[in-house]
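Q: I'm new to this one. Can you walk me through it?

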Amino acid sequence: MGSDDYGDLGIGGLKGKKPTTDFHIVQFDHIPSLSETLKVRAMHSGQRHIILYTTSSSSSILLGWGTSRHGQLGSHASTPFASTPQIIITEIDLANDPVTSIALGIHHSVILQESGRLSCHGSDRKGQLQVVKTLPPEAGRIQNIGCTWNGTYVVVQSEGRWNVYSSGSNSHSQLGWNSNGTTSVDVVGFPVTADAHRTAINLACGSEHVLASSLPIQPPSHKLSRRTYGDGDGTNMETSGWGIRTTYRHPSGCGLHQAMTRRF
(Lines give C-alpha, C1' and ligand atoms only; values in the text may rest on other atoms or scores of the structure.)
Protein backbone atom coordinates (compact mmCIF):
# COMPACT_ATOMS: atom_id res chain seq x y z
CA MET A 1 0.00 0.00 0.00
CA GLY A 2 1.29 3.46 -0.74
CA SER A 3 4.14 5.04 -2.68
CA ASP A 4 5.88 3.07 -5.41
CA ASP A 5 8.30 5.67 -6.81
CA TYR A 6 11.31 3.36 -6.44
CA GLY A 7 9.70 -0.06 -6.66
CA ASP A 8 8.80 0.16 -2.97
CA LEU A 9 5.74 -2.06 -3.34
CA GLY A 10 7.51 -4.87 -5.18
CA ILE A 11 4.76 -5.24 -7.78
CA GLY A 12 6.62 -4.28 -10.95
CA GLY A 13 6.37 -0.49 -10.81
CA LEU A 14 3.47 1.95 -10.55
CA LYS A 15 5.33 5.26 -10.93
CA GLY A 16 3.20 7.64 -12.94
CA LYS A 17 0.28 5.22 -12.98
CA LYS A 18 -2.94 5.44 -11.06
CA PRO A 19 -3.52 2.45 -8.75
CA THR A 20 -6.50 0.33 -9.71
CA THR A 21 -6.91 -1.30 -6.29
CA ASP A 22 -6.65 -0.22 -2.67
CA PHE A 23 -3.80 -2.64 -2.00
CA HIS A 24 -1.47 -4.91 -3.96
CA ILE A 25 -0.25 -8.49 -3.51
CA VAL A 26 3.47 -9.11 -3.90
CA GLN A 27 4.21 -12.14 -6.09
CA PHE A 28 7.31 -14.38 -6.05
CA ASP A 29 6.57 -16.80 -8.88
CA HIS A 30 8.92 -14.91 -11.25
CA ILE A 31 11.91 -16.33 -9.33
CA PRO A 32 12.53 -19.81 -10.86
CA SER A 33 14.61 -21.11 -7.94
CA LEU A 34 11.75 -20.59 -5.46
CA SER A 35 9.96 -23.85 -6.14
CA GLU A 36 9.14 -24.58 -2.50
CA THR A 37 6.59 -22.91 -0.25
CA LEU A 38 8.20 -20.04 1.63
CA LYS A 39 7.43 -18.89 5.16
CA VAL A 40 8.04 -15.22 5.85
CA ARG A 41 9.83 -15.15 9.20
CA ALA A 42 10.45 -11.41 9.29
CA MET A 43 9.96 -8.35 7.11
CA HIS A 44 11.69 -5.01 7.41
CA SER A 45 11.22 -1.72 5.59
CA GLY A 46 13.60 1.19 5.18
CA GLN A 47 12.68 4.43 3.48
CA ARG A 48 12.96 3.01 -0.03
CA HIS A 49 13.80 -0.70 0.21
CA ILE A 50 12.39 -3.84 1.84
CA ILE A 51 14.02 -7.08 3.00
CA LEU A 52 12.22 -10.32 3.87
CA TYR A 53 13.77 -13.22 5.78
CA THR A 54 12.16 -16.41 4.50
CA THR A 55 12.59 -20.13 5.08
CA SER A 56 11.44 -23.30 3.33
CA SER A 57 11.81 -26.98 4.12
CA SER A 58 15.34 -26.99 2.69
CA SER A 59 16.72 -23.44 2.75
CA SER A 60 16.73 -19.93 4.18
CA ILE A 61 16.60 -16.99 1.79
CA LEU A 62 16.74 -13.20 1.99
CA LEU A 63 14.51 -11.44 -0.53
CA GLY A 64 14.39 -7.73 -1.24
CA TRP A 65 13.15 -4.98 -3.51
CA GLY A 66 13.25 -1.20 -3.81
CA THR A 67 16.33 1.00 -4.21
CA SER A 68 19.54 -0.94 -4.82
CA ARG A 69 22.11 1.39 -6.41
CA HIS A 70 24.21 1.51 -3.22
CA GLY A 71 24.26 -2.26 -2.71
CA GLN A 72 21.69 -2.26 0.11
CA LEU A 73 20.11 -5.33 -1.52
CA GLY A 74 23.36 -7.27 -1.57
CA SER A 75 25.68 -7.17 -4.55
CA HIS A 76 25.49 -3.98 -6.59
CA ALA A 77 22.61 -4.11 -9.02
CA SER A 78 22.74 -3.01 -12.64
CA THR A 79 19.62 -0.87 -12.12
CA PRO A 80 18.86 1.88 -9.58
CA PHE A 81 16.08 -0.17 -8.03
CA ALA A 82 14.35 -3.54 -8.15
CA SER A 83 10.61 -3.23 -8.68
CA THR A 84 9.93 -6.92 -7.93
CA PRO A 85 11.38 -9.24 -5.25
CA GLN A 86 14.92 -10.47 -5.88
CA ILE A 87 17.12 -12.96 -4.03
CA ILE A 88 19.73 -11.05 -2.04
CA ILE A 89 23.18 -12.40 -2.83
CA THR A 90 25.19 -12.59 0.39
CA GLU A 91 28.04 -14.65 1.79
CA ILE A 92 26.47 -15.22 5.20
CA ASP A 93 25.42 -18.74 6.22
CA LEU A 94 21.65 -18.61 6.67
CA ALA A 95 21.05 -22.35 6.86
CA ASN A 96 23.14 -22.93 9.99
CA ASP A 97 22.93 -19.46 11.52
CA PRO A 98 19.38 -18.03 11.40
CA VAL A 99 18.70 -14.31 11.15
CA THR A 100 17.39 -12.76 14.36
CA SER A 101 17.14 -9.10 13.36
CA ILE A 102 17.42 -6.80 10.33
CA ALA A 103 17.69 -3.01 10.36
CA LEU A 104 17.49 -0.77 7.30
CA GLY A 105 18.68 2.78 6.71
CA ILE A 106 18.09 4.85 3.61
CA HIS A 107 21.10 3.44 1.73
CA HIS A 108 22.29 0.54 3.91
CA SER A 109 21.17 -2.72 5.51
CA VAL A 110 22.42 -4.49 8.65
CA ILE A 111 21.75 -8.15 9.52
CA LEU A 112 22.16 -9.85 12.91
CA GLN A 113 22.32 -13.64 13.14
CA GLU A 114 21.75 -16.03 16.03
CA SER A 115 25.49 -16.53 16.56
CA GLY A 116 25.95 -12.78 17.07
CA ARG A 117 27.49 -12.26 13.66
CA LEU A 118 26.82 -8.87 12.08
CA SER A 119 26.90 -8.20 8.35
CA CYS A 120 26.15 -5.09 6.36
CA HIS A 121 25.40 -4.00 2.80
CA GLY A 122 25.18 -0.65 1.08
CA SER A 123 26.65 2.82 1.39
CA ASP A 124 29.31 3.73 3.95
CA ARG A 125 29.63 7.34 2.79
CA LYS A 126 28.53 8.65 6.20
CA GLY A 127 30.41 5.96 8.13
CA GLN A 128 27.18 4.11 8.84
CA LEU A 129 28.80 0.70 8.33
CA GLN A 130 31.84 1.32 10.52
CA VAL A 131 30.31 -0.01 13.72
CA VAL A 132 29.61 -3.31 11.94
CA LYS A 133 33.05 -3.50 10.32
CA THR A 134 35.10 -2.55 13.38
CA LEU A 135 33.20 -3.84 16.43
CA PRO A 136 35.56 -6.40 18.03
CA PRO A 137 34.21 -9.80 19.16
CA GLU A 138 35.36 -9.08 22.73
CA ALA A 139 32.94 -6.14 22.87
CA GLY A 140 30.30 -8.57 24.13
CA ARG A 141 27.10 -10.34 23.12
CA ILE A 142 24.97 -8.43 20.62
CA GLN A 143 21.32 -8.16 21.60
CA ASN A 144 19.79 -5.74 19.15
CA ILE A 145 20.45 -3.45 16.17
CA GLY A 146 18.86 -0.36 14.69
CA CYS A 147 19.36 2.10 11.82
CA THR A 148 18.56 5.74 11.23
CA TRP A 149 18.75 7.05 7.65
CA ASN A 150 22.55 7.22 7.75
CA GLY A 151 23.49 5.64 11.07
CA THR A 152 23.78 2.22 12.72
CA TYR A 153 23.31 1.25 16.39
CA VAL A 154 24.35 -1.99 18.07
CA VAL A 155 23.23 -2.98 21.59
CA VAL A 156 25.93 -5.10 23.26
CA GLN A 157 26.00 -6.94 26.59
CA SER A 158 29.41 -6.87 28.25
CA GLU A 159 30.37 -7.78 31.84
CA GLY A 160 26.78 -7.60 32.99
CA ARG A 161 26.11 -4.20 31.44
CA TRP A 162 24.50 -2.87 28.27
CA ASN A 163 26.43 -0.66 25.87
CA VAL A 164 25.10 0.96 22.70
CA TYR A 165 27.71 1.42 19.98
CA SER A 166 26.91 3.74 17.08
CA SER A 167 28.41 5.16 13.89
CA GLY A 168 27.32 7.24 10.93
CA SER A 169 25.83 10.68 10.48
CA ASN A 170 25.84 12.82 13.62
CA SER A 171 24.52 16.05 12.16
CA HIS A 172 21.83 16.27 14.85
CA SER A 173 23.74 14.47 17.67
CA GLN A 174 21.74 11.33 16.91
CA LEU A 175 24.74 9.06 17.60
CA GLY A 176 24.56 9.89 21.29
CA TRP A 177 28.19 11.01 21.54
CA ASN A 178 30.24 13.97 20.30
CA SER A 179 32.73 13.18 17.55
CA ASN A 180 36.18 14.74 17.80
CA GLY A 181 36.88 14.08 14.15
CA THR A 182 39.14 11.09 14.79
CA THR A 183 36.63 8.53 16.08
CA SER A 184 34.09 6.89 13.79
CA VAL A 185 32.61 4.47 16.36
CA ASP A 186 31.91 5.08 20.03
CA VAL A 187 29.61 4.14 22.93
CA VAL A 188 26.52 6.14 23.87
CA GLY A 189 27.23 7.69 27.26
CA PHE A 190 24.01 7.03 29.15
CA PRO A 191 24.03 8.55 32.67
CA VAL A 192 22.93 5.24 34.20
CA THR A 193 24.51 1.96 33.10
CA ALA A 194 21.82 -0.65 32.66
CA ASP A 195 22.19 -3.98 34.45
CA ALA A 196 21.99 -6.61 31.70
CA HIS A 197 20.78 -9.25 34.15
CA ARG A 198 17.70 -7.23 35.09
CA THR A 199 16.95 -5.10 32.04
CA ALA A 200 16.83 -5.16 28.24
CA ILE A 201 17.55 -2.25 25.90
CA ASN A 202 15.15 -1.59 23.04
CA LEU A 203 15.76 0.90 20.22
CA ALA A 204 13.32 2.75 17.98
CA CYS A 205 15.10 4.60 15.18
CA GLY A 206 13.63 7.43 13.15
CA SER A 207 15.17 9.32 10.24
CA GLU A 208 17.60 11.36 12.37
CA HIS A 209 16.59 10.55 15.93
CA VAL A 210 16.61 7.52 18.24
CA LEU A 211 14.54 6.45 21.24
CA ALA A 212 16.14 3.97 23.65
CA SER A 213 14.23 2.33 26.48
CA SER A 214 15.51 0.27 29.40
CA LEU A 215 12.89 -2.33 30.30
CA PRO A 216 12.88 -4.75 33.24
CA ILE A 217 13.17 -8.41 32.33
CA GLN A 218 10.26 -10.49 33.56
CA PRO A 219 11.40 -13.76 35.16
CA PRO A 220 10.10 -16.82 33.27
CA SER A 221 7.02 -18.48 34.66
CA HIS A 222 6.87 -22.26 34.68
CA LYS A 223 3.13 -22.28 35.25
CA LEU A 224 1.08 -22.78 32.11
CA SER A 225 -1.59 -20.19 31.57
CA ARG A 226 -4.48 -19.95 29.21
CA ARG A 227 -5.42 -16.54 27.89
CA THR A 228 -8.28 -15.36 25.75
CA TYR A 229 -7.93 -12.35 23.48
CA GLY A 230 -11.04 -10.74 22.05
CA ASP A 231 -11.88 -7.75 19.91
CA GLY A 232 -15.30 -7.13 21.40
CA ASP A 233 -17.33 -8.56 18.54
CA GLY A 234 -17.37 -12.18 19.66
CA THR A 235 -14.22 -13.18 17.80
CA ASN A 236 -11.70 -14.65 20.22
CA MET A 237 -8.31 -16.29 20.02
CA GLU A 238 -6.93 -18.58 22.71
CA THR A 239 -3.32 -19.30 23.51
CA SER A 240 -1.62 -21.42 26.12
CA GLY A 241 1.85 -21.51 27.63
CA TRP A 242 3.79 -18.38 26.84
CA GLY A 243 0.89 -16.84 24.90
CA ILE A 244 1.52 -14.47 22.02
CA ARG A 245 4.47 -12.13 21.73
CA THR A 246 4.13 -9.39 19.12
CA THR A 247 6.81 -6.88 18.24
CA TYR A 248 6.07 -3.75 16.23
CA ARG A 249 8.96 -1.89 14.62
CA HIS A 250 8.05 1.61 13.50
CA PRO A 251 10.80 3.47 11.64
CA SER A 252 9.42 6.96 12.29
CA GLY A 253 9.16 9.00 9.14
CA CYS A 254 10.93 6.36 7.03
CA GLY A 255 8.85 5.92 3.93
CA LEU A 256 5.33 6.17 2.63
CA HIS A 257 4.42 2.53 2.25
CA GLN A 258 3.13 -0.20 4.52
CA ALA A 259 3.25 -3.96 4.62
CA MET A 260 0.94 -6.44 6.30
CA THR A 261 1.16 -10.18 6.87
CA ARG A 262 -0.77 -12.91 8.65
CA ARG A 263 0.63 -15.99 10.37
CA PHE A 264 -1.44 -18.93 11.58
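Q: Where does Ala 212 lie?
A: Ala 212 sits in strand β13, which covers residues 210-216. One thing before we go on: this is a predicted model.

Q: Noted. Is Ala 212 buried, partly exposed or exposed?
A: Ala 212 is partly exposed, because its relative accessibility is 34%.

Q: Which residues is Ala 212 in contact with, leaving aside neighbours within four places in sequence?
A: Phe 190, Asn 202 and Leu 203, once those neighbours within four places are set aside.

Q: And what separates the C-alpha atoms of Ala 212 and Val 164?
A: These C-alpha atoms are 9.5 Å apart. Along the chain, Ala 212 and Val 164 are separated by 48 residues.

Q: New topic. Where is the place of Thr 148?
A: Thr 148 belongs to strand β8, residues 141-148.

Q: Buried or exposed?
A: Thr 148 is buried. Its relative accessible area is 1%.

Q: What does the side chain of Thr 148 reach?
A: The side chain reaches the backbone nitrogen of Gly 151, at 3.0 Å.

Q: What else is Thr 148 in contact with, beyond four places in sequence?
A: Here is part of the list. Leaving aside neighbours within four places, the contacts of Thr 148 include Leu 104, Gly 105, Ile 106 and His 108. Also among them are Tyr 153, Cys 205, Gly 206 and Ser 207.

Q: How far is Thr 148 from Ser 169, C-alpha to C-alpha?
A: The separation is 8.8 Å, with their positions 21 residues apart along the chain.

Q: Let's do cysteines. How many disulfides does the structure hold?
A: Zero.

Q: Why is Cys 120 not in a bond with the closest cysteine sulfur?
A: The closest cysteine sulfur is in Cys 147, and it is 9.5 Å from the sulfur of Cys 120, so a bond is ruled out by distance. A disulfide needs the two sulfur atoms within 2.5 Å.

Q: And Cys 147, why no bond there?
A: For Cys 147, the closest cysteine sulfur is in Cys 205, 6.9 Å away, and that is too far for a bond.

Q: Are those two cysteines buried or exposed?
A: Cys 120 counts as buried, at 19% relative accessibility. Cys 147 counts as buried too, at 6%.

Q: On to strands. Which strands form the open sheet?
A: The order is β5-β6-β7, and the pairing is antiparallel.

Q: Which strands stand at the edges?
A: β5 and β7 (118-122) do. Each has a single partner strand, so one side of each has no neighbour in the sheet.

Q: How much are neighbouring strands turned against each other?
A: On average by 15 degrees, direction ignored.

Q: What joins β5 to β6?
A: Five bridges join them, and the two strands run antiparallel. β6 covers residues 108-113. The two strands form a hairpin, with three residues between them.

Q: Which residues stand opposite each other there?
A: Ser 101 has Leu 112 of β6 as its bridge partner. Ile 102 stands opposite Ile 111, also in β6.

Q: Is β5 largely enclosed or largely open?
A: Largely enclosed by the rest of the structure, because five of its six residues (99-104) are buried.

Q: Last topic. How many aromatic pairs are there?
A: The count is one. The pair is Tyr 6 with Phe 81: the ring centres are 6.4 Å apart and the planes are at 85 degrees, so the pair is edge-to-face.

Q: Where are the two residues in the chain?
A: Tyr 6 is in the segment before β1 (39-45), and Phe 81 is in strand β4, residues 81-87. They are 75 residues apart, so the pair links distant parts of the chain.

Q: Buried, partly exposed or exposed?
A: Tyr 6 counts as partly exposed, at 35% relative accessibility. Phe 81 counts as partly exposed as well, at 32%.

How values were computed
Residues numbered from 1 in each chain as written. Predicted model: local features only at pLDDT ≥ 70, side-chain atom pairs only at ≥ 80, totals over all residues. Heavy atoms only, no water. Buried < 20%, exposed > 50% of the residue type's maximum accessible area, 1.4 Å probe, protein only. Helix = DSSP H or I, 4+ residues; strand = E, 2+ residues; numbered from the N terminus. Pairing = 2+ DSSP bridges. Phe/Tyr/Trp six-rings, centres within 6.5 Å; stacked < 30°, edge-to-face > 60°. Polar contact = N/O pair within 3.5 Å; in protein donor to acceptor, adjacent residues only side chain to side chain. Contact = heavy atoms within 4.5 Å. Axes fitted to C-alpha atoms, helices over the stretch in contact; angles between N-to-C directions.
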